[in-house]
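User: I am new to this structure and would like a close look at a single part of it, namely one residue inside a helix and the helix packing around it. Please take me through it carefully, and then set it beside whatever else in the chain helps to place it.

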Amino acid sequence: MLIDQRIATFALMQKRPMPAELKKGGVILVDKPYKWTSFDAVNLFKITLRAKIGHCGTLDPLATGLLICCTGEMTKQISQYQQLPKEYTGTFHIGATTATYDLESEPMIVMPFEHVTEQLVYDTAKQLTGEIMQVPPIHSAIKKDGKRSYDLARAGKEVILTARPVIISEFEIISIKLPEIQFRVVCSTGTYIRSLADDLGRLLGCGAYLQELRRTRIGNFDVKNALSPGQWKDLWKTPVRDTDMDDFN
């Protein structure tokens, strides 16, 4: 179900909502910093605003970019925001793999990549565009037998996750400077860009992991309109003037 257009318009108007409004219900566009968890941002806002709050789709700690948080009455819309398509930019590193498919773990298998040409990269990206079956990383929050997959993996237990359909609407190769490949991806909810990196490396025959990731867009919401957690706190310390409130009336 698509999010109600009236709600989307209301949320876009509230790019800089103030605490009084957020207690009733509002949308916060956050530019999540590197190594922050999504919970770190939510917890900071909860303490600062003393309001009911939740986020609309987690970001890994090593990823940066857009995190949508809803407060008050708007928390009822979280599930609808979660269904919106996402856009990411980042860097894949070929010629090695990691257990987590990113740099949360050390590269463990190094493979030659001299056979990889630019044309091969472009052709392989096309293979991973459209509706594909994707296996989530075992180091993820997906539950297996009632437990988080990453907890089982860290305990040294074998974890087997089943493939599920995801949609890669756009897979653009921005630049190729091997072993690094810069990309832009537009995808459906539930897509793991870390798994996309692993799939790319497997098809290239040399392995790959996600080196850098930034979420730039969720639906019509753009990270350009977001503020860092620190910037939000600084904004909320500023007294609200009547002219400021006019934007939300």
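Analyst: Threonine 124 has a relative accessible area of 0% in this predicted model, and because the limit for a buried residue is under 20%, threonine 124 counts as buried. The helix that holds threonine 124 is α5, which covers residues 118–127. Once its neighbours within four places in sequence are left aside, threonine 124 is in contact with Leu200, Leu203 and Leu204, and these three leucines belong to helix α7.

The surroundings of threonine 124 are thus best read as part of a meeting between two helices. Two packed helices are described by the angle between their axes and the distance between the axes. For α5 and α7, the latter made of residues 193–204, the axes come within 10 Å and cross at roughly 125 degrees. That angle lies outside the ranges for roughly parallel, roughly perpendicular and roughly antiparallel, and the two helices are therefore oblique to each other. The crossing of α5 and α7 is, in addition, right-handed. On the α5 side the contact involves Leu120, Val121, Thr124, Ala125 and Gln127, while α7 contributes Leu200, Leu203 and Leu204. Sorted by character, the residues of this contact comprise six that are nonpolar and two that are polar, with no charged residue.

A second pair of helices offers a useful companion view. Helix α3 (residues 38–49) and helix α8 (residues 229–237) have axes that come within 11 Å and cross at roughly 10 degrees, and since angles under 35 degrees count as roughly parallel, α3 is roughly parallel to α8. Here Leu44, Phe45, Thr48 and Leu49 of α3 meet Pro229, Trp232, Lys233 and Trp236 of α8, and this contact divides into six nonpolar residues, one polar and one charged. Lysine 233, which lies in α8, is partly exposed, with a relative accessible area of 32%. Not counting residues up to four places away in sequence, lysine 233 touches Leu44 and Thr48; the C-alpha atoms of lysine 233 and leucine 44 are separated by 9.1 Å, although the two residues are 189 apart along the chain.

These helices sit in a chain whose secondary structure comes to nine helices and 13 strands. Of its 249 residues, 47% count as buried, and among contacts between residues at least 6 apart in sequence, 71% join residues at least 24 apart. Cysteine 187 and cysteine 206 are also buried, at 1% relative accessibility for cysteine 187 and 0% for cysteine 206. With a disulfide taken as a pair of cysteine sulfur atoms within 2.5 Å, the count of disulfides comes to zero.

Some backbone details complete the picture. Most residues other than glycine have a negative phi, and most peptide bonds are trans. Lysine 35, in the loop between β1 (25–32) and α3, has a positive phi near 75 degrees and, at 56% relative accessibility, counts as exposed. Tyrosine 101, found in the loop between β5 (96–97) and β6 (109–110), likewise has a positive phi, of about 70 degrees. Finally, the peptide bond that joins leucine 178 and proline 179 is cis, with omega about 15 degrees, and proline 179 is in the loop between β10 (164–177) and β11 (180–187).

Key:
Residues numbered from 1 in each chain as written. Predicted model: local features only at pLDDT ≥ 70, side-chain atom pairs only at ≥ 80, totals over all residues. Heavy atoms only, no water. Axes fitted to C-alpha atoms, helices over the stretch in contact; angles between N-to-C directions. Helix = DSSP H or I, 4+ residues; strand = E, 2+ residues; numbered from the N terminus. Parallel < 35°, antiparallel > 145°, perpendicular 65-115°, else oblique. Left-handed = near helix turned anticlockwise from the far one by under 90°. Contact = heavy atoms within 4.5 Å. Nonpolar A, V, L, I, M, F, W, Y, C, P; charged D, E, K, R; others polar. Buried < 20%, exposed > 50% of the residue type's maximum accessible area, 1.4 Å probe, protein only.
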